[in-house]
Amino acid sequence: MLEITTLSELTIDGKLSLGPGASSKDLFAFYGDDLRAWFHEQRALHDAIMVGAGTVRSDDPELTVRYAEGRDPLRVVPASMGALPLDSRLLNDGRPTLVAVCDLAPDEVVAALRAKPTVEVVRCGEDRVDLAALMALLHSRGIRTLIAEGGSRLLHSLFEAQMVSRIVIKHIPVISGAADAPTFLRAGDGASALSLSRWRLTDWFIKSGVGVSVYRPLQVAG
Ligand SMILES: NC(=O)c1ccc[n+]([C@@H]2O[C@H](COP(=O)([O-])OP(=O)(O)OC[C@H]3O[C@@H](n4cnc5c(N)ncnc54)[C@H](OP(=O)(O)O)[C@@H]3O)[C@@H](O)[C@H]2O)c1
């Protein structure tokens with residue numbers, strides 16, 4: 001089984017970015033080099049890194065290890081119809097990216113992604129990416145740890161499927177004030193509401209003026 005960690009930056013008002021359509025990269029302005037290096041070390045400790053297609057469309061992230069020593073994790077993006085901008089950084093920087101699409105993804109879209117020399121496309125799921133099947137595929141390739149950096153819908157799906165074994169939150173000390181900015185979790189189309197799950201705080205520290213908290217599932221004695 002894959003060990004899945006979510007790693008997110010959250011504002012005081014629980015937002016993943018400063019406004020709708022804004023990039024989470026705007027939050028980088030509110031912390032310093034120590035936290036950035038620690039954050040990139042976390043990436044280097046994992047075999048794979050995942051964001052949803054929405055984050056690629058809004059943030060155009062690189063998802064590489066740049067502010068710490070270490071190897072880049074394999075980048076994995078679930079994009080059911082393959083709808084990723086073809087000029088996205090992670091499709092063009094010469095480093096491997098695995099894009100997971102579903103059976104309904106148009107052949108021409110898949111072909112355009114496959115034309116990128118370091119992009120692999122796998123079909124996984126009927127009408128949207130089946131995350132359990134995708135994780136099983138990654139496991140069969142030797143991937144044992146994965147860090148999921150968001151956004152709201154991907155995180156919701158991972159919690160819905162009870163796949164997450166560790167939550168890391170960087171508490172960015174700002175209030176976005178934007179009621180419609182994305183929150184930590186958002187149910188996408190077809191997703192069911194989450195039921196209560198309890199977590200225990202296993203570590204907490206301050207880096208570059210930002211609180212970092214780490215949670216593991218609470219095992220309730222039965
Ligand atoms: N603060 C942070 O730590 C942080 C980190 C990352 C992102 N963000 C923010 O999060 C926001 C983006 O969140 P988002 O919810 O729009 O996008 P998202 O969670 O990154 O991506 C969701 C998309 O992934 C695709 N997908 C395919 N299979 C899926 C599945 N089984 N479950 C869930 N998604 C699946 C779907 O797009 P298709 O329909 O195209 O398949 C879905 O709409 C942005 O504002 C970004 O800045 C913040």
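These are my notebook entries on a predicted model of one chain.

**Entry 1. The chain as a whole**

I began with the overall make-up of the chain. Its secondary structure comes to six helices and nine strands. I then looked up the radius of gyration, which is 17 Å and close to the 17 Å that the globule rule gives for 222 residues, so the chain is as compact as a globular protein of that length. Along the principal axes, the C-alpha atoms fill a box of roughly 45 × 45 × 35 Å. I noted that 36% of the 222 residues count as buried. For contacts between residues at least 6 apart in sequence, I found that 71% join residues at least 24 apart.

**Entry 2. Strand pairing**

I next followed strand E6, residues 145-148. Strand E1 runs parallel to E6 and is joined to it by four bridges. Within this pairing, I found Ile4 opposite Leu146 of E6. Strand E2, residues 48-50, also runs parallel to E6, with three bridges between them. Here Met50 has Ala148 of E6 as its bridge partner.

**Entry 3. The nonpolar cores**

Which residues have the most contacts inside the largest nonpolar core? I listed Met50, Val76, Val77, Val99, Ala100 and Ala148, in a core of 39 residues. Met50 and Ala148 are thus in this list and are also bridge partners. I looked further at Val99, leaving aside its neighbours within four places in sequence. Val99 is in contact with Val77, Ala79, Gly82, Leu84, Leu113, Val119 and Val121. I also recorded a second, separate core of five residues, among them Leu27, Phe39, Ile172 and Val210.

**Entry 4. The surroundings of the ligand**

I counted 32 residues around the ligand, of which Gly52, Gly54, Ser80, Gly150 and Gly151 are the closest. The elements that give two or more residues to this shell are strand E1 (3-11), helix H2 (53-59) and helix H6 (152-160). Which element gives the most to the shell? It is H2, with five residues. By residue type, I recorded 12 nonpolar, 14 polar and six charged residues in the shell.

**Entry 5. Helix H6**

As H6 contributes to the shell around the ligand, I examined how far this helix is covered. Seven of its nine residues are buried, so H6 is largely enclosed by the rest of the structure. The buried residues are Ser152, Arg153, Leu154, Leu155, His156, Ser157 and Leu158. Just after the helix, I noted that Gln162 takes a positive phi of about 50 degrees.

**Entry 6. Two partly exposed residues**

I looked up Phe28, which is placed in the loop between E1 and helix H1 (33-44). Phe28 counts as partly exposed because it has 14 C-beta neighbours inside 10 Å, whereas a buried residue needs 20 or more. From C-alpha to C-alpha, Phe28 and Leu134 are 30 Å apart in space, and they are 106 residues apart in sequence.

I then turned to Ala133, in helix H5 (residues 131-140). Ala133 has 14 C-beta neighbours inside 10 Å and therefore counts as partly exposed. Not counting residues up to four places away in sequence, Ala133 touches Cys124 and Gly125. I also took the separation of Ala133 and Arg123, which are 10 residues apart along the chain. Their C-alpha atoms are separated by 9.8 Å.

Technical notes: Residues numbered from 1 in each chain as written. Predicted model: local features only at pLDDT ≥ 70, side-chain atom pairs only at ≥ 80, totals over all residues. Near = placed C-beta within 6 Å. Nonpolar A, V, L, I, M, F, W, Y, C, P; charged D, E, K, R; others polar. Pairing = 2+ DSSP bridges. Buried ≥ 20, exposed ≤ 12 C-beta atoms within 10 Å, placed from the backbone. Core = buried A, V, L, I, M, F, W, Y, C linked by C-beta atoms within 7 Å. Contact = placed C-beta atoms within 7 Å. Rg over C-alpha atoms; globule rule 2.2 N^0.38 Å.
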